[in-house]
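Trainee: Could you take me through one part of this model at close range, the place where the two chains come together, and then follow the threads that lead away from there? I would like one connected account rather than a list.

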Amino acid sequence: MTEEEKAAESKAVKMIVFAVGDQEYCIPILSVREIRGFEKTTVLPFAPPYVCGAINLRGIILTLIDLAIYLNVPPQADNPRRVVVIVESTQGVMCGLLVDRVIDMADIQGSDIQSVSDDCSSLGGLVMIGDRMIGVLQLESVVNQLVEGAVAE
Amino acid sequence: MSGDMGDILLVFFQECDEQLQELERGLSALSDGESEQETINAVFRAVHSIKGGAASFGLENLVRFAHVFESSLDGVRSGRVAPTQDIVKIFLKAMDVLSDLVVEARDGGPTVDPGRVAESQAELEFIIGSNGEAPKTDDIVPSDFVPVPMDFVPVPVDFEPVPVDFGLDFGFDAAPGQPPAPLIVTFCPHDAMYARGDDARNILIGLTDAAVAVEGEITVTCDVSTLPSFAELEPDRSYLSWRVVLPAEVSEDTVQSVFDWGGDVCDFTISREGEPAPDGGEAVPAMEAQPPGEGSQAAAPPEPALPAVPETSSSSGVAAAQVVPAASPAVAPAPAAGGANAAPVRRTEQATIRVDLPRIDNLMDLVGELVIAQAALESQCRRANASMPRELGESIASMQSLTRDIQDAVMAVRAQPVRSVFQRMQRVVREACSMTKKDVVLTLEGEDTEVDRTLVEKLSDPLTHMLRNAIDHGIEKVEDRLAAGKSAVGQILLSASHRSGHILITIKDDGGGINRERVLATAIKRGIVAPDAVLTDDEINNLIFAPGFSTADTVSNLSGRGVGMDVVKQAILSLGGRVTIQSVPGSGTVFCLSLPLTLAVLDGMLIVAGGATMVIPVSSVVETMIIKPQDTYVLPDGKKMVSIRGDCIPMVPLGSQLGLSAYVSDEPQNGAVMLIVENESGARVGLVVDEIRDQAHVVIKSMEKNYRRIPGVSAATILGDGSVSLILDAPALIASAVGRINTKVSDARAVLAA
């Protein structure tokens, strides 16, 4: 992954930090609906490789994104503790993010976010907590890619 | 317009729809020869409420027409005009105009042809004129009620008493031994009343109605003492107040209801003569403000205030002590009968609440989850404890039946009687009749049959098409009917009923039936069938559904363009239904539509392909069969065809078609199951699946809400074990499988033309 500079917002945002493979990422905690265990999914035809399939969340059908594949990170092998973070975008689209482990929460100042490349739109930037490097995931662009993929079919 | 006002307007239009339905129901009852006073009152009330609401929103056109309509109905209400068939027909026509005017006011859509309005208005005025009296409401009060700043002498306005027999009496008018004194009402409008477009005149009209209802009259005195000289007069201030003496028979409640509408913007007192008027003129504080809907309802002519209603004594102010709940012996029989009559009739009016559909959908989802959670609980209990205590088993079983009941109840909430659509068809028939100069009576049956809301809305177009066709093509001209020994008036029966989880709608006419020779000749001429084709009667009947088919020699406004019946069939098929025709030459045609009860639930076949369980709508599966190796043929490009009783159709391995073939070999094994699926135009494809597992009613869930469209998949559902399953889109699968040859593949009955 390339890491470059980019401007960002300045308010403190509470983020949830999770691990995918050996790397850590975070998303705003307000976009998280719930966290649940990984369960069997229904495979969807013609789906992009990072979509593991669809699950039923209390009557709502949503798709799971395997973040390891999406972010091109080698996943932890045989991790029984993989969890699904159910998120909702500002447009009300819901999906599940399959991650290896939820670590903790952190208050992150927008000014602390160091921008990375423009072409990697799903990653908004990097932030340092202590000596850990954490990627700030751009939820909206992930979700939009999921919904608008129909055009590409 | 502010958001608030928009909301109120929305409520008004929703109520207009309800009132129009009420009106339609009442008028059709009248045309069936029923002349119950309560029916006439209901009709009158409906028009009056629309007028009242429209007046407060300044919908000029609507008010003007509704007023004429109301005045003419008043003739019937008072018994001066008998509701003969001709009169009712005029009313029905007026109702159509009225509903168009409502639509015009709501959508700002196409303006109603002023000629039509004027014509209907003239007919209504003729009814008014025929009773020998001028339309009353307008003449009661001077039309210009603006305070005139000259020497204004209070003029008692002469209200002409119009005898109206309500067939009812108010049970509290004659307290034994103590006849009540005339009722005195004083009111003084605030500036706010005029500011919001209301008028003291409306209150006077309401009071007059109250008096007329008991065959009395009112005396009005206008108090101009606060009126300043012309120089100081501010045009937008309110200066006048009124004192109205009503007949003793009028109850306080009735008067109170007059003020429901404007009571919050005027001071008013209600008292009996001889009693001290409540001081300050604030006997009833301005807290009676009600939502406009209720208000306009309440402003309707006095409703039978049932004596037993406890409110009678609690809310009617000072004079309440005199109100004896039970009627005096002298008048007892009449009010008792009236009350008993009125009560059940009133109760049949729809008592409804409006709920947003998404809320019910949400409820539905939750109940679905409840069922799944319940099943999971049961299976876990069994697994953990093979010898499950009997009590536990019983409570789980009772919970199971409860959840099923809840599921059914939620489905029932979504259901709506087909009445709203059926009643609209009366209008379609009327219009079609006047265009074709035929006389047809539409009889409705089973309007109370309930189907899912979503479906009710989609029934309207196909039914309209079919009824127009029945009138244009089915019912013969009057001369032909008489020659055939039939009555001059055509009969069409539109009925709905439930049959084994479906709704069955039949349209039966007593016309000439389908002229099969002509249909066949036309079909051959238009190249729909080959000239030498041999078709059964049933196949010929079904030709009328072929695209581009029309036997009409001339294209009329109604039908004959050859779009229509094929559109109907498409519409019905897209709703997951089927159409069948039975026709007997000379005695009529019956169209039967069989439709699912809901669009939210689908009758599906559970199949397994490529390792995944999927659902295919049963309605698109024609047959299922085991593939025999000798029936298959491999094309040079690797695709396979299979012959079924002589027809060669493409064979599609479903798993690999959907890109799910990773789990199983690409080769369809011998003995695999094949589903023959058909699309609307009759193209067929054999879908090869691993297994047919079950048949189930599944709840349809959108895939596109949180994901994207998947080719070949129409939606998804949740199975009993909580897992997600895809619902296949058979027409899309067929289209992608047969591609360009789609149009060439046709079934046996429509033999290829070339």
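Mentor: Happy to; what follows starts at the interface, moves into the cores and ends with the charged pairs and a few single residues.

Please keep in mind that this is a predicted model. Let us begin with chain A on its own. Chain A holds 2 helices and 10 strands, and read from the N terminus their order is β-β-β-β-β-α-β-β-β-β-β-α. Of its 153 residues, 48% are buried. If you take the contacts in chain A with a separation of 6 or more, 57% of them join residues 24 or more positions apart.

Now to the meeting of the chains. On the chain A side 27 residues are in contact with chain B, and 24 residues of chain B are in contact with them. The two chains bury about 2,100 Å² between them, with 63% of that area on carbon and sulfur atoms. Three residues of chain A lose the most area to chain B, namely Pro45(A), Phe46(A) and Ile61(A), and together they make up 29% of what that side buries. Three elements of chain A give two or more residues each to this side: strand S4 (51–57), strand S5 (60–66) and helix H2 (139–148). By class, the side of chain A that touches chain B is made of 18 nonpolar, 7 polar and 2 charged residues. As for charge pairing across the interface of chain A and chain B, the rule finds 0 salt bridges there. For polar contacts between chain A and chain B, the count is 1 residue pair, with both residues at pLDDT 80 or more.

From here we can step into the nonpolar interior. The largest nonpolar core has 65 residues, and the members that touch the most others are Leu67(A), Leu97(A), Leu137(A) and Leu654(B). Helix H22 (residues 730–738) of chain B gives the most to this core, with 5 residues. Leu67(A) is a good residue to click on. Beyond its neighbours within four places in sequence, Leu67(A) is in contact with Phe18(A), Val20(A), Asn72(A), Leu97(A), Leu98(A), Val99(A) and Leu137(A). There is also a second, separate core of 49 residues, which includes Val418(B), Leu459(B), Val568(B) and Leu593(B).

Next come the charged pairs. Over all chains, a search of the whole structure finds 20 salt bridges. One of them joins the side chains of Lys51(B) and Glu70(B), at 2.9 Å from N to O. Lys51(B) sits in helix H2 of chain B and Glu70(B) in helix H3 (residues 60–77) of chain B, so this pair ties together parts that are 19 residues apart in sequence. Lys51(B) and Glu70(B) are both buried. Another salt bridge links Arg481(B) with Glu476(B), their closest N and O atoms being 3.1 Å apart, and again both residues are buried.

A further pair is Glu623(B) and Arg645(B), whose side chains meet in a salt bridge at 2.7 Å, N to O. Since Glu623(B) lies in strand S14 (residues 621–626) of chain B and Arg645(B) in the loop between strand S16 (640–644) and strand S17 (647–653), the pair ties together parts 22 residues apart in sequence. Arg645(B) counts as exposed because its relative accessibility is 67%. Salt bridges can also share partners: Asp96(B), Asp100(B), Arg427(B), Arg430(B) and Glu431(B) are joined into one network in this way.

Let me finish with three single residues of chain B. Phe91(B) lies in helix H4 (residues 85–107) of chain B, and it counts as buried because its relative accessibility is 0%. Leaving out residues up to four places away in sequence, Phe91(B) touches Leu27(B), Phe69(B), Ser72(B), Leu73(B), Val76(B), Leu124(B) and Ile127(B). Asn41(B) belongs to helix H2 (residues 37–56) of chain B and is buried, with a relative accessible area of 4%. The C-alpha atoms of Asn41(B) and Ser78(B) are separated by 9.9 Å, although these residues are 37 residues apart along the chain.

The last one is Arg419(B), in helix H15 (residues 419–436) of chain B. Arg419(B) has a relative accessible area of 16%, so it is buried. Its contacts, apart from neighbours within four places in sequence, are Arg25(B), Glu447(B) and Asp448(B).

Terms used: Residues are numbered from 1 along each chain as its sequence is written. Chains are lettered from A and ligands numbered from 1 in the order in which they are written. This is a predicted model: local features need pLDDT of at least 70, side-chain atom pairs count only at pLDDT 80 or more; totals for chains, interfaces and linings use all residues. Side-chain values use heavy atoms; hydrogens and water are left out. Contact means heavy atoms within 4.5 Å. Buried area is the accessible area (1.4 Å probe) that two parts lose on being put together, summed over both. A salt bridge is a side-chain nitrogen of Lys or Arg within 4 Å of a carboxyl oxygen of Asp or Glu. A polar contact is a pair of N or O atoms within 3.5 Å; within protein, one must be able to donate a hydrogen and the other to accept it, and residues adjacent in sequence count only if both atoms are side-chain atoms. Helices (H or I, at least four residues) and strands (E, at least two) are DSSP runs, numbered from the N terminus. Ala, Val, Leu, Ile, Met, Phe, Trp, Tyr, Cys and Pro count as nonpolar, Asp, Glu, Lys and Arg as charged, and the others, Gly among them, as polar. A nonpolar core is a set of buried Ala, Val, Leu, Ile, Met, Phe, Trp, Tyr and Cys residues joined through side-chain atoms within 4.5 Å. Buried means under 20% relative accessible area, exposed over 50%, partly exposed in between (1.4 Å probe, protein chains only).
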